[in-house]
Amino acid sequence: MSGPHVKGSLVVHGSGWIMGPHVHSSLEVSVVLEGRGSFSCAGKDYPLEAGNVILIPPELTHDYASMTDIRFAVIEATRMPEPTVSLFHRLAPLDEPRILMLSPMALEQYEGLYRQWLRMISQPLQDETRCYTTWMDLLLLFLLQHQSSGSLSLSVAASADVIRSSVSSEISISALAKRCGLSESAYRASFKEAYGVSPKQYQQQCRIEEAKWLLRSTSRPIQLIGEQVGFTTIHSFSAWFQKKEGASPTDWRKMQQGL
């Protein structure tokens with residue numbers, strides 16, 4: 001018997017597409033990257049939207065349909081070693097599918113990993129078995145780390161993703177708390193317990209890291225970098241950066257370039 005094998009593809013279908021009932025012997029992980037549709041299995045219908053992760057154990061008849069143009073990142077894995085199969089079943093039961101949700105930030109990160117994996121398997125592999133199992137484990141571990149069972153509520157971890165992606169604008173604590181289904185005080189307490197700082201302090205950390213990254217890795221003007229991390233003037237950005245790092249943005253960049 002040959003060793004483990006994983007195949008994947010980015011699949012796009014137009015509105016009104018119906019795949020038709022089918023079954024296969026592989027473990028399937030399909031992630032909706034864009035669009036809306038539905039998934040059917042064992043007499044049940046499930047709505048799909050961007051961020052949904054559909055995990056299907058082998059030998060289950062299932063079907064897909066689209067309500068809008070829809071794009072999937074699909075993985076089908078066969079003959080996986082027991083540790084990988086066990087990892088899959090930490091996410092999905094043995095005999096029924098499971099649908100999870102990724103936050104917008106986690107979805108973007110997953111797609112990046114997935115595309116990198118596609119590029120790797122498009123070329124001759126030096127160690128095919130190791131490559132397939134390692135990447136399958138990596139993608140499953142990412143889903144295990146970032147999974148959410150619902151699409152309506154925003155977890156505290158997902159709210160941190162929102163904050164990280166909002167360094168150029170002010171965040172509304174009340175809005176984040178509402179989306180997490182918590183009072184403001186409960187949200188602040190839960191966030192600090194998870195991250196050791198308040199949501200506002202966390203955003204400041206994200207801003208300084210983004211500013212340092214842009215200063216170190218790009219030649220963009222200081223004023224533009226300041227605007228990208230939420231400052232309307234170069235003077236306010238420079239004063240803030242000086243207080244945080246003990247050097248002006250210009251001097252800090254020169255020191256990094258000198259290194």
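Start by selecting residues 149–153, where pLDDT stays under 50 and for which the model has seven contacts beyond four places in sequence. This is a predicted model, and where pLDDT is low, the predicted coordinates should not be read in detail. Keep that caution for this stretch, and then colour the whole chain by pLDDT: the mean is 89, and 96% of the residues reach 70 or more.

**The whole chain**

Zoom out until the full chain is in view, and picture a box drawn along its principal axes, which for the C-alpha atoms comes to roughly 65 × 50 × 35 Å. In a cartoon display you can look for 10 helices and eight strands, which make up the secondary structure of the chain. The chain has 259 residues, and buried residues make up 41% of them. Among the contacts with a separation of 6 or more, 75% are between residues 24 or more positions apart.

**The largest nonpolar core**

Next, select Val29, Ile75 and Tyr110, which have the most contacts inside the largest nonpolar core, a set of 32 residues. To see which parts of the chain supply this core, colour the elements that give two or more residues to it: the strands are S2 (27–34), S5 (52–56) and S7 (70–78), and the helices are H1 (82–91), H2 (104–121) and H3 (128–146). Which of these gives the most to the core? Helix H3 does, with nine residues.

Now keep Val29 selected and show what lies around it. Not counting residues up to four places away in sequence, Val29 touches Val53, Ile54, Leu55, Ala73, Val74, Ile75, Phe88, Tyr110, Met136, Leu140 and Leu143. Elsewhere in the chain there is a second, separate core of 14 residues, and you can find it by selecting some of its members, including Val156, Ile173, Leu176 and Tyr187.

**Leu113 and its partners**

Move to Leu113, which has its place in helix H2. Leaving aside neighbours within four places in sequence, Leu113 is in contact with Trp135, Leu138, Leu139 and Phe142. If you draw a distance between the C-alpha atoms of Leu113 and Leu139, you should find 7.6 Å, although these two residues are 26 residues apart in sequence.

**The second largest pocket and Met19**

Which residues should you select to find the centre of the second largest pocket? Of the 15 residues that line this pocket, the closest to its centre are Val11, Met19, Glu28, Val74 and Glu76. About 200 Å³ of space lies in the pocket. The elements that give two or more residues to its lining are strand S1 (5–13), S2 and S7, and the largest share, five residues, comes from S1. If you colour the lining by residue type, you will see six nonpolar, six polar and three charged residues.

Stay with Met19, one of the residues closest to the centre of that pocket, and follow the chain around it: Met19 has its place in the loop between S1 and S2. Is Met19 buried or partly exposed? With a relative accessible area of 44%, Met19 is partly exposed, because the class between buried and exposed runs from 20% to 50%. Leaving aside neighbours within four places in sequence, Met19 is in contact with Asp63 and Tyr64. The C-alpha atoms of Met19 and Ala65 are separated by 6.1 Å, while the two residues are 46 residues apart along the chain.

**Two residues with positive phi**

Most residues other than glycine have a negative phi, and the next two selections depart from that pattern. Select Ala42, whose phi is near 55°, a positive value in a residue other than glycine. Ala42 lies in the loop between strand S3 (37–41) and strand S4 (44–48), and at 73% relative accessibility Ala42 counts as exposed. Then select Arg79, which also has a positive phi, of about 55°, although Arg79 is not a glycine. Arg79 is found in the loop between S7 and H1, and at 40% relative accessibility Arg79 counts as partly exposed.

**Last stop: Gln203**

Finish at Gln203, in helix H7 (residues 199–217). The relative accessible area of Gln203 is 1%, so Gln203 counts as buried, the cut-off for that class being under 20%. Show the residues around Gln203 to see what covers this position: not counting residues up to four places away in sequence, Gln203 touches Ile163, Ser166, Val167, Ser169, Glu170 and Ile171.

Key
Residues are numbered from 1 along each chain as its sequence is written. This is a predicted model: local features need pLDDT of at least 70, side-chain atom pairs count only at pLDDT 80 or more; totals for chains, interfaces and linings use all residues. Side-chain values use heavy atoms; hydrogens and water are left out. A nonpolar core is a set of buried Ala, Val, Leu, Ile, Met, Phe, Trp, Tyr and Cys residues joined through side-chain atoms within 4.5 Å. Buried means under 20% relative accessible area, exposed over 50%, partly exposed in between (1.4 Å probe, protein chains only). Helices (H or I, at least four residues) and strands (E, at least two) are DSSP runs, numbered from the N terminus. Contact means heavy atoms within 4.5 Å. On a 1 Å grid over the protein atoms alone, a cavity is a set of points where a 1.4 Å probe fits but cannot get out, and a pocket is an open set with protein on both sides within 12 Å along at least five of seven lines; lining residues have an atom within 4 Å of a point. Grid points are joined across faces, edges and corners, and a volume is the space filled by probe spheres set on the points. Ala, Val, Leu, Ile, Met, Phe, Trp, Tyr, Cys and Pro count as nonpolar, Asp, Glu, Lys and Arg as charged, and the others, Gly among them, as polar. pLDDT is the predictor's confidence in each residue, from 0 to 100.
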